[in-house]
Each structure stands twice: as C-alpha cells, then as structure tokens.
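I opened the notebook to follow two things through this model: how one chain is divided, and where the nonpolar residues gather.

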Amino acid sequence: MKADQLKGHLDALLLAALEDGPRHGYAVMEALRESTGGQLELPTGTIYPALHRLEAAGLIAGSWSVVAGRRRRCYTLTGAGEDALLRRRADWRNFAAVMSAALEGTPWPNPA
Amino acid sequence: MAEPSLIANYKAVLLAELPLPLAEEVSDGLAEAYAKYLRLELGAEDAAQAAVSEFGSARSVVEAYSSASPARRVARALVVTGPAFGLCWAAVLITGKAWDWPVPIIARALLGGLLVASVLVLVIAIRAARYRTVRRSGTAGCVGLAVLDTSMITAAMTSGPGIHWLAVIAIFASAARLVCIARALPPMLA
C-alpha cells in the first residue's frame, strides 16, 4: 500500500503503533511494518514530521534519552491520544462497513 | 567501524538543513535501520543503501519537515485571513479620511513597504522546500505583521478625529491577531 493511499489515515496508524507502549520513530515504523505484514510502502523518514505534528497536538509526548551514544526521542500516547485513537477506530469501522456494503454488497450491520 | 559515506552524507544533509534535534532524531532512526540490515548479513555498503532506500532521500525528509512545520501552518493562516484584515483597515482609512491624518509620508511609505514585504516572506514560507527558509520567512512575516498591527492600532487611536465603530472592529481584529502571533511564535522558533 503506497503513501498516497494512506492520506488521512497516517495519524491513526502512528497512534495505534504507540498503543502498546513508548517507541522511538524507527520502532514505530517497524511496528507498523510488522502488524501489516510489510504492506505499507511509506518512506520511513517522513513519519518523523508526522510524529512531531501529533506531539504538537498533544496526542503523544516525546522524551529524549541516549542509546549507544546517540540521542533518541521516544514517544508515548497521552490521554488525549488514547481518546483520539478510540475515535479513529470507531470512524474506521464505520467507514469500512459503508465501503464494504457499497462495493461488495456486504449486509449493513443491524444496530439492533 | 566507520559509517559508509552514503550514511555520513545523508546525516550531513540533515544537519545542514534541519535544527539539531530534528537531524539527530532521524539520524538515530537511520542508524537503527543500518544496524538492522547489517544483522541481516548485508555488507556495509548494501546495508547503507537499503537503509537509505527505506528512509527516502534526505531532501524528501527535509521537505516533509518543511510541509509539517509550524511556521508554514501559521504563514498559511495569516495569508488566508489577511484580506479580511486588509478590508477592515481599508474601510477605517477611507471612512476616517486617513489622508488628512498627521502621519508623515515616510511613515506611510514604510508601513506600505512593510505590508508588502511581510506578505512576500509569508508566501515564501508557504512555498519553500528548505526547512530553515520556511522557519525564517514565517518568523519574519509574523514579526512584520505584528509591527504593522501595532502601528495601525496606534495610528487609529491617536491620529483620527475620533474612533469610528469600524476602527473598533479593526483594532480588536488586529489585537486578536497580535495575540495569535505571540502564541504561535514560540513553537515556530523551537
């Protein structure tokens, strides 16, 4: 799956990758690659600005450490980030159900 | 063991183009990727090539940072909302017969020049690919508009025959923009 197909979904993917605990940028990308069986074709370098954007929005919090002599920034999901992830998941389920109903004739989920 | 030149050059571009913390963060990730490919038993040059391919070019990383930079977001907002402020102040100047105000011609020319220069640097901040250019231009545009707003507020409150309701609206709008600029500047400079 190419980067332009992910437009609008990148934030949710990054938040989901941080759900299990703190990760640095490259570990976030590795987690996404692992969870999707390597289907994401996203230039790793471009996820760093997206992480900064999420941090500025208060959805994740970053902190520095030193590993193997290199400065490393790790990110943690904030409370607001957890809420945002829940909302994004609900939106995605709804979107997927609508698209499946329209494209594949999947029965629309009965609210009852 | 020395890093392959491909990795060293990549880091050099990041250091030249980005603030140190941003360059350090991406460099750490690149080092992780390089180490991963070495563990997969690739040679040093092949591992470096694989890591760089995975990250995308250093220029594309810089451009991604530029696109997401707070300075670009603020510049875009100021350019989009600018015409509304311009209309407000134009109405004030016309209804208040500003040509009769005791403002020296040199001050009028300076304010006009400042407006044009501020808009120009904000447009540069929106369009530039280089992160430092985006940040500097965005900051310069913000400062320029802040000086302009302050000057216009001062001129309207001291030079006119009285404060018209249109001037009250323009003064409040400019004061609100000053507050927004003051709040936007620290993240832009971080």
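I first looked up the division of chain B, which falls into domain 1 (5–64) and domain 2 (69–189), the bounds coming from an automatic or database domain assignment. This is a predicted model, in which local features need pLDDT of at least 70 and side-chain atom pairs count only at pLDDT 80 or more, while totals for chains, interfaces and linings use all residues. Residues are numbered from 1 along each chain as its sequence is written, and chains are lettered from A in the order in which they are written.

I then took the C-alpha centres of domain 1 and domain 2 of chain B, and they lie 41 Å apart. Four residues of domain 1 of chain B are in contact with four of domain 2 of chain B (C-beta atoms, placed from the backbone, within 7 Å).

Next I turned to the largest nonpolar core (buried Ala, Val, Leu, Ile, Met, Phe, Trp, Tyr and Cys residues joined through C-beta atoms within 7 Å; buried means 20 or more other C-beta atoms within 10 Å of the residue's own, placed from the backbone). Of its 63 residues, those touching the most other members are L14(A), L18(A), L30(B), Y34(B), A51(B) and V61(B). Both domain 1 (5–64) and domain 2 (69–189) of chain B give residues to this core, so it lies between them.

Finally I followed L14(A), which, leaving aside neighbours within four places in sequence, is in contact with V28(A), I47(A), A50(A), L51(A) and L54(A).

Definitions and conventions. Buried ≥ 20, exposed ≤ 12 C-beta atoms within 10 Å, placed from the backbone. Contact = placed C-beta atoms within 7 Å.
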